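Grab a viewer and a pencil: here are some exercises to work through. Try each task before you read its solution.

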Amino acid sequence: MEPVWFTFLNGSDIAQLELTDDDILDAIEDGLRAQGLGETVIEPRVHLVPDPAFNGHFNVLRGYIAPLALAGVKIVGDYVGNYRQGLPSEMALLNLFDPRTGMPVAVLDATAITEMRTGALTALGARHLARPDAKVLGHIGARATSYWNVRLLDRIFDLSEIRVHSRRPESREAFAERLQRELGKPVVVTEDWKTCVEGADIVVEASRLERPEPLLKTEWIAPGALVVPYGTTSAVELSLTDVMDKIVVDDWGQAHAGPFGALRTHVDTGRLNRTNLHAELGEIVAGRKPGRESADETNLFWHRGLSLSDIALGAALLKKAEERGLGQKLRFS
């Protein structure tokens, strides 16, 4: 048998590749389009909780994208208290395979991939579901994915007002400083949820709650706004879905399964189901269902995270790494 080799890209390699905002958005949108056209296989994520005392768990995401000829499995740890040890809350590995033979193609540090693809999904959801003239963002949460939410939303909408809030003052201040430095525009740090989100054109809830608590009030949501709740644990009221004209998810198979998610209770109690779900985002990107159709629509986009997005962005990184001669070739057999 001929030797089998695979590519390893570590975090330093990925940082050196310097994907542009458009590189990221284009890769994720291509993955969504393939999903909407029925050219993918995606299985609901599964979870491993090693010990409740550790206050964390692993997510395992699996998928296949036919146009890229790649299958992939990502394992990501989600540990809320990692900041106490100077570690990111989410660290991940992405494994890519040849779907025709099962042979490994690549292993990538997927920590940055997770952050970038999450922000891209938020931004692409907004591209299709927010008002085109949206200018005011209210963002709850300051974790790593939050930076990419704001950066890529600003890329699409050129925001005029960015408000941020998080549970810890030091995290929200540092978050705002980074955004101001890199986006070159002022960022408002708020002391509470209401001031952050009330009346905003786009509301993103990426909180890190340890238990469900309805901190985001439905009455604060302005008519015509887009709300993107994707916290692991619910921070919204049950009434949030009652004011929505369109509810869109990234993948219904994941939305109605598993113990985690911002709208978990809404699904479990029947308030959100296949009947009143408007679409998966991929269906909108592929042109099979409409996105926003009027300025006064109030819409919601809930994303759990797609293995397809990880695979699509991983493929883009592999291509660029090959062009630049980055990464290590490791022998598998």
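The exercises below deal with a predicted model and go from aromatic rings to helix packing and then to single residues.

**Exercise 1. How many aromatic pairs does a search of the whole structure find, and how are the rings of Phe58 and Tyr79 arranged?**

Solution. Start with the count: the search turns up 2 aromatic pairs. Next, take Phe58 and Tyr79, whose ring centres are 5.8 Å apart, with 70° between the planes. Planes over 60 degrees apart count as edge-to-face, so that is the label for this pair. Now place the two residues: Phe58 belongs to strand S3 (residues 56-65) and Tyr79 to strand S4 (residues 70-79), so the pair links parts 21 residues apart in sequence. Last, check accessibility. Phe58 comes out partly exposed at 29%, while Tyr79, at 17%, counts as buried.

**Exercise 2. Describe the pair formed by Tyr147 and Trp148, then find which charged end sits over the ring of Tyr147.**

Solution. Begin with the geometry: Tyr147 and Trp148 are 5.3 Å apart, centre to centre, and their planes make an angle of 80°. This pair is edge-to-face. Both of its residues are buried. Then look over the ring of Tyr147: the charged end of Arg178 is there, 3.5 Å from the ring centre. For a further charge over a ring, go to Tyr83, where Arg168 lies over the face at 3.8 Å from the ring centre.

**Exercise 3. Work out how helices H2 and H10 cross, and which residues make the contact.**

Solution. First get the axes: those of H2 (residues 21-36) and H10 (residues 307-324) come within 8 Å of each other. They cross at roughly 130°. That angle makes H2 oblique to H10. For the hand, the crossing is right-handed. To finish, list the contact: H2 supplies Asp23, Ile24, Ala27, Ile28, Gly31 and Gln35, and H10 supplies Leu308, Ser309, Ala312, Leu313, Ala316 and Lys320.

**Exercise 4. Helix H3 packs with H4 and with H10: at what angle in each case?**

Solution. Take H4 to begin with. The axes of H3 (residues 111-129) and H4 (residues 144-157) come within 7 Å and cross at roughly 40°. The two helices are therefore oblique to each other, and H3 passes H4 in a right-handed crossing. On the H3 side the contact residues include Thr114, Met116, Gly119 and Ala123, and on the H4 side they include Trp148, Leu152 and Ile156. Trp148 is the residue you met as the ring partner of Tyr147.

Now turn to H10. Here the angle with H3 is about 115°, and the axes are 10 Å apart. This crossing is right-handed too. H3 brings Ile113, Thr114, Met116, Arg117 and Leu121 to the contact, and H10 brings Ser309, Asp310, Leu313, Gly314 and Leu317.

**Exercise 5. Which loops hold Glu18 and Ala69, and is each of them buried, partly exposed or exposed?**

Solution. Look at the backbone first: Glu18 has a positive phi of about 50° without being a glycine. You'll find Glu18 in the loop between helix H1 (11-17) and H2. With a relative accessible area of 57%, Glu18 is exposed. Repeat the steps for Ala69, which is also not a glycine and has a positive phi of about 55°. Ala69 sits in the loop between S3 and S4, and at 28% relative accessibility it counts as partly exposed.

**Exercise 6. What do Trp5 and Val267 touch, leaving out residues up to four places away in sequence?**

Solution. Trp5 is in strand S1 (residues 5-9) and counts as partly exposed, at 47%. Its contacts are Pro104, Lys329, Leu330, Arg331 and Phe332. For a sense of distance, go from Trp5 to Asp133: the C-alpha atoms are 49 Å apart, with the two positions 128 residues apart along the chain.

Val267 is in helix H8 (residues 264-268), and its 13% relative accessible area makes it buried. Val267 touches Trp252, Ala255, His256, Leu272 and Trp302. Of these, His256 is 11 residues away along the chain, and its C-alpha atom is 6.1 Å from that of Val267.

Methods:
Residues numbered from 1 in each chain as written. Predicted model: local features only at pLDDT ≥ 70, side-chain atom pairs only at ≥ 80, totals over all residues. Heavy atoms only, no water. Phe/Tyr/Trp six-rings, centres within 6.5 Å; stacked < 30°, edge-to-face > 60°. Helix = DSSP H or I, 4+ residues; strand = E, 2+ residues; numbered from the N terminus. Buried < 20%, exposed > 50% of the residue type's maximum accessible area, 1.4 Å probe, protein only. Lys NZ or Arg CZ within 6 Å of the ring centre and 35° of its normal. Axes fitted to C-alpha atoms, helices over the stretch in contact; angles between N-to-C directions. Parallel < 35°, antiparallel > 145°, perpendicular 65-115°, else oblique. Left-handed = near helix turned anticlockwise from the far one by under 90°. Contact = heavy atoms within 4.5 Å.
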